[in-house]
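Let's take a walk through this fold, one piece at a time. Keep the viewer open and follow along as we go.

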Amino acid sequence: MERTEQLDLRPASWYRSTFATAAPEPVLGEGLPAGWEGVHFPFETPFAQLREDGSPAEDGVLPVIDLPRRMYAGEDTAFLSPLRYGDVVTQRTSLGSLVEKQGRAGRLVFADLVREYLVDGEVAVRSTWHDVFLEAQPAVPSPRTAAPEVAAEDAVDPDAGADWTVTRSLDSRQLFRFSAVTGNTHRIHYDRQWAREVEGLDDLLVHGPLTRILVLDALTANAGGRRLASVRFRAKAPVLVDTAFRIAGTDGPEGTSVVVRAADGTVLASADATWRAALHGA
């Protein structure tokens, strides 16, 4: 499936004003920050083709999968050349792997969607989006078990050795804005009753793709003159609305490793990034 659009400034300006006010103002001809291609090409699934949870049932790429819940699990992205505001970009989406498994919670289907962003026929960004389809969740919320209390003098900061950290907390207005700009109608992000009674969460879920872009923003802010070459992002546990989380990055000889943690130390997501030298004007 292919779609073509010109990368105008509006989606990036909206994202910046809501999540990344320290980033430069979008300007025609300048490069998009890594990951911001994710606020272009919003979902366009007709309402009649949405699943009960609000996710697409038919998108022209995936076959119809007869499991009621769909969740984002992560993404692998290669940044091959810069995308620039004003570029005419073709997004080409194809089906990657499709694997069915049996887990402790029942039947699972793991589905990969490969998205390529092309300028003048050349791939600038290639990203493989990992989704998982699940059986119905028991209707009783299962709150995260509280971490055992530790005396302040005995507490160990798991990110004490990190090269940088960023702390974020998102409210329901920000979740609504990201849903709007990306055309994401999954009810888990705006319908508290659905999130609690159907998905078994304590509250609204922060979008996995949004958490990923926030991680990429943190990497970009701490790039030190480098340009991202690739990022492997994995969602590990729910990031919830109105709940602080910390993004911590540690540089190594092969790149930068990132961990996203809740206040109690629970790992919510992880990422591994590789770098290349910055291109002039990129």
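A good place to drop in is helix α1, where P11, A12, Y15, R16, T18 and F19 are buried. What do those residues pack against? The buried residues of α1 pack against β6, α2 and α4. Keep in mind throughout that you're looking at a predicted model.

From there, hop over to α2, which spans 172-182. Its buried residues are Q174, L175, F178, S179, V181 and T182. The cover over them includes α1 and α4, so the packing between α1 and α2 shows up from either end, given that contact means heavy atoms within 4.5 Å.

Zoom in on T182, a residue of helix α2. Its relative accessible area is 6%, and because buried means under 20%, T182 counts as buried. Set aside the neighbours within four places in sequence, and the contacts of T182 are G38, V39, P42 and F43. Step just past the end of α2 and you meet G183, with a positive phi of about 65°.

The partners of T182 include P42 and F43, so F41 makes a handy next stop. F41 sits in the loop between α1 and β2. It isn't a glycine, yet its phi is positive, at about 55°. Why is that worth a second look? Most residues other than glycine have a negative phi. F41 is also buried, with 6% relative accessibility.

There's another non-glycine residue with a positive phi of about 55°, and that's D120. D120 belongs to the loop between β4 and β5, which cover 106-119 and 122-134 respectively. Is D120 buried or exposed? With 77% relative accessibility, D120 counts as exposed, whereas F41 counts as buried.

While we're on loops, have a look at D87, in the loop between β2 and β3. D87 has 18% relative accessibility; the cut-off for buried is under 20%, so D87 counts as buried. Leaving out residues up to four places away in sequence, D87 touches E5, Q6, L7, P82 and V119. For a sense of distance, pick V215: D87 and V215 are 128 residues apart in sequence, and their C-alpha atoms are 25 Å apart in space.

Next comes V231, in strand β7. V231 is buried, with a relative accessible area of 3%. Which residues does V231 touch? Not counting residues up to four places away in sequence, the list is E75, D76, T77, F79, L216, L219, A271, D272 and A273. T211 is 20 residues from V231 along the chain, and the C-alpha atoms of the two are separated by 13 Å.

Now for the empty space. The second largest pocket has a volume of about 900 Å³. It is lined by 40 residues, and the closest to its centre are P24, L32, P33, A34 and T220. Four elements give two or more residues to that lining: α1 (10-19), β6 (164-168), α4 (208-221) and β7 (226-235). Which of them gives the most? That would be α4, with 5 residues. If you're thinking about the chemistry of the lining, sort it by class: 27 residues are nonpolar, 6 are polar and 7 are charged.

Finally, zoom out to the whole chain. There are 4 helices and 10 strands, and from the N terminus on they run β-α-β-β-β-β-β-α-α-α-β-β-β-β. The C-alpha atoms fill a box of roughly 55 × 50 × 35 Å along the principal axes. A compact globule of 282 residues would have a radius of gyration near 19 Å, and the chain agrees because its own value is 19 Å.

How much of the chain is buried? Of the 282 residues, 47% count as buried. On the outside, the chain exposes about 14100 Å², and carbon and sulfur atoms supply 53% of that area. As for contacts, take those between residues at least 6 apart in sequence: 72% of them join residues at least 24 apart.

Definitions and conventions:
Residues numbered from 1 in each chain as written. Predicted model: local features only at pLDDT ≥ 70, side-chain atom pairs only at ≥ 80, totals over all residues. Heavy atoms only, no water. 1 Å grid on protein atoms, 1.4 Å probe; cavity = no way out; pocket = protein on both sides within 12 Å on 5 of 7 lines; lining within 4 Å. Points joined across faces, edges and corners; volume = space filled by probe spheres on them. Nonpolar A, V, L, I, M, F, W, Y, C, P; charged D, E, K, R; others polar. Rg over C-alpha atoms; globule rule 2.2 N^0.38 Å. Buried < 20%, exposed > 50% of the residue type's maximum accessible area, 1.4 Å probe, protein only. Areas by Shrake-Rupley, 256 points an atom, 1.4 Å probe, with all protein chains shown as cover.
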